[in-house]
Amino acid sequence: MECANIKEVLSEYVDGILDSQTEARVEEHLSTCRACQEELSSLKAVVNGLSSLESVKAPEDFLEKLHERMESRFTVRKLMRILFVPAWTKIPLEVATVAAIMILIFVGLYTPQPEKQIAMAPESSTEIRAAKRTTADSAEPELKQDAYEAKPALKAETAEQPVGEREPIELVLSLETEPSGAADLRPTATRAAPAPAKEGRAVEEERTDVVAHPGTEFVGQSAPDAETKADETLSKVADLINRVEGSILSIEFDKQTHQPQIIRAEIPSRRYVSFREELERLALLQAPPPAIPEKGQETIQIRIRLISPD
Amino acid sequence: MVSAFQAGNSAAFDKLVLKHKDRVFNLCYWFLGDYQETNDAAQEIFIKVFRSLKKFRFESAFSTWLYRIAVNTCKNRLKSSDYRQEKRMARFDNPGVSEGTRPSVEIGDESRSPMVELERKERRMLIMRAIDSLPTEQKTVVALRDIEGLSYDEIANITGFNLGTVKSKLARARLDLRDKLRGVI
């Protein structure tokens, strides 16, 4: 046998597990090969050195400590077992619990508020339907305080007023009964009341701005149904509010007739005059419009009531 | 004792522990190289034995089954983090520290002179370092064969290696140790 082959089996030879034939060959080779003899000696030294290492014993209290550890661990395990049932029932229980919690959260968050007759403001329309100007409009509108006061109470529920806010300016519009004609939004000469001569040139500029608001489309309109007059007025008012850079806060509808009745909006106070003037052109302002709001307010709230003339 | 334990005799478990604890402890020590770690691992091994003893089917010798648990536990501990490796090597580099951190439970010969005793301890440390540097599988077979004295067949049953693999890994491990411990052994 070659030395390389001998070295491969020397470890087994040291342990005495070679078959007799192989062992004989190894011994025959070793008798004549010094290098393999040294290889064998070094290998035996390692084996003997390892086997003669003194063993490390467990501490005397090993069993006692083991019991302490087992008791504490098994108490915890027992407790866990009591608290948490086996996985095949625990997992479905947990899933069911999570689902129940999510349902409760969902119900709590999305429970609808008590119903009110408040509709969201319609999308602002750039289409302005012309308001028919009747002959009555050419004259100074009479102060229809009586009509205003005798107006039947609105059947629609009113929206809750935010607490703590200033009282909105109330404007009352009498809805036209006759169908409107072609679009004609040129400012008329009529006004519900003379504009307070306070803003002067600024008023002119504002009016111009309002009339020339970019993006406004004036579309000719065929005669609308008398029944939708309120809707038309609403659409015009909404458009006007948008043009003066205001925003509609809410619209209340009559429960019975589903007609818009009250429009709440917020507009910049500096645009109030032009807004009021424009409003007069759209419908008959029932009462003298309130004065310009006190200075210092950046925005003002407006409450427009749409009423059918008696 | 195993049958007695399975029959409900809990005291039989204590007897099993007392019979095998030192062998298990020694094996773990040469695997892990740290006394406290070894103590912790040995207890963990017997807790595993306690939990699974009722499932023992006598398909192999109890000692083979016990060693299998011990080897796997030690391997898992070695794999668990590099921190342990650093801890072990730091100890090897400071034999004084390592000797001081564990109580002496070795079979010592009080008749030895201090010089001989010191040489013995240093030699032991060098051997431990050399064994620790082996790959895990070589370390396993050399510890089971040359330290614990188990047969090749037992080693094959414990490790799951076939006989040829056990022989080749053991031969390789011994040659590596010989090269690393030239002049020591």
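A salt bridge is here a side-chain nitrogen of Lys or Arg within 4 Å of a carboxyl oxygen of Asp or Glu. With that in mind, select R172(B) and D176(B) in this predicted model, where the two side chains form a salt bridge whose closest N and O atoms are 3.1 Å apart. Both residues lie in helix α10 of chain B, four residues apart, which is about one turn of the helix. R172(B) is partly exposed, with a relative accessible area of 42%, whereas D176(B) is buried at 19%.

**Chain B as a whole**

Now colour chain B by secondary structure, and you will find 10 helices and zero strands. Chain B has 185 residues, of which 49% count as buried. Among the contacts in chain B with a separation of 6 or more, 66% are between residues 24 or more positions apart.

For one such meeting of parts, select L66(B), which is found in helix α4, residues 62–80 of chain B. L66(B) is buried, with a relative accessible area of 2%. Leaving aside residues up to four places away in sequence, L66(B) touches H20(B), V24(B), I45(B), F46(B) and V49(B). One of these neighbours, H20(B), is 46 residues away along the chain, yet the C-alpha atoms of L66(B) and H20(B) are separated by 8.7 Å.

Move next to D34(B), in the loop between α2 (11–32) and α3 (35–52) of chain B. D34(B) is buried, with a relative accessible area of 8%, and a polar atom of the D34(B) side chain lies 3.2 Å from the backbone nitrogen of Q36(B).

**Where chain B meets chain A**

Show both chains together and select the residues in contact across the boundary: 42 residues of chain B and 30 residues of chain A. The area buried between the two chains is about 3600 Å², and carbon and sulfur atoms give 63% of that area. Highlight Q43(B), R174(B) and R178(B), which supply 18% of the area that chain B buries against chain A, more than any other three residues.

Which polar links cross this interface? There are 14 residue pairs in polar contact between chain B and chain A, counting pairs with both residues at pLDDT 80 or more. On the side of chain B that touches chain A, α2, α3, α7 (114–132), α8 (136–147) and α10 (163–180) each supply at least two residues. The residues on that side divide into 23 nonpolar, three polar and 16 charged.

Side chains of opposite charge can pair when their charged atoms come close. Six salt bridges are found across the interface, out of 26 in the whole structure over all chains. Zoom in on R174(B) and D15(A), whose side chains meet in a salt bridge with an N to O distance of 2.9 Å. Because R174(B) lies in helix α10 of chain B and D15(A) in helix α1 (residues 3–15) of chain A, this pair joins two chains. R174(B) counts as buried at 0% relative accessibility, and D15(A) is buried too, with a relative accessible area of 15%.

Keep D15(A) selected and add R145(B), since the side chains of these two residues also meet in a salt bridge, at 3.2 Å from N to O. Then select R69(A), E37(B), D40(B), E44(B), K48(B) and R77(B), which are linked in a network of salt bridges.

**Inside chain A**

Turn to R264(A) and E252(A), whose side chains meet in a salt bridge of 2.2 Å, N to O. R264(A) lies in strand β6 (residues 260–268) and E252(A) in strand β5 (residues 247–253), so the pair ties together parts of chain A that are 12 residues apart in sequence. Both R264(A) and E252(A) are buried.

Further along chain A, select helix α10, residues 272–282, in which 11 of the 11 residues are buried, so this helix is largely enclosed by the rest of the structure. Among the buried residues of α10(A) are Y272(A), F275(A), R276(A) and E280(A).

**Last stop: the cysteines**

How many disulfides does the structure hold over all chains? The structure holds zero. C33(A) is in no disulfide, and the nearest cysteine sulfur, that of C3(A), is 3.5 Å away. C33(A) counts as buried at 12% relative accessibility. In chain B, C28(B) is likewise in no disulfide, with the nearest cysteine sulfur, that of C74(B), 3.4 Å away, and C28(B) counts as buried at 0% relative accessibility.

Conventions: Residues numbered from 1 in each chain as written. Chains lettered and ligands numbered in written order. Predicted model: local features only at pLDDT ≥ 70, side-chain atom pairs only at ≥ 80, totals over all residues. Heavy atoms only, no water. Buried < 20%, exposed > 50% of the residue type's maximum accessible area, 1.4 Å probe, protein only. Polar contact = N/O pair within 3.5 Å; in protein donor to acceptor, adjacent residues only side chain to side chain. Contact = heavy atoms within 4.5 Å. Buried area = accessible area lost by both parts, 1.4 Å probe. Nonpolar A, V, L, I, M, F, W, Y, C, P; charged D, E, K, R; others polar. Disulfide = S-S within 2.5 Å.
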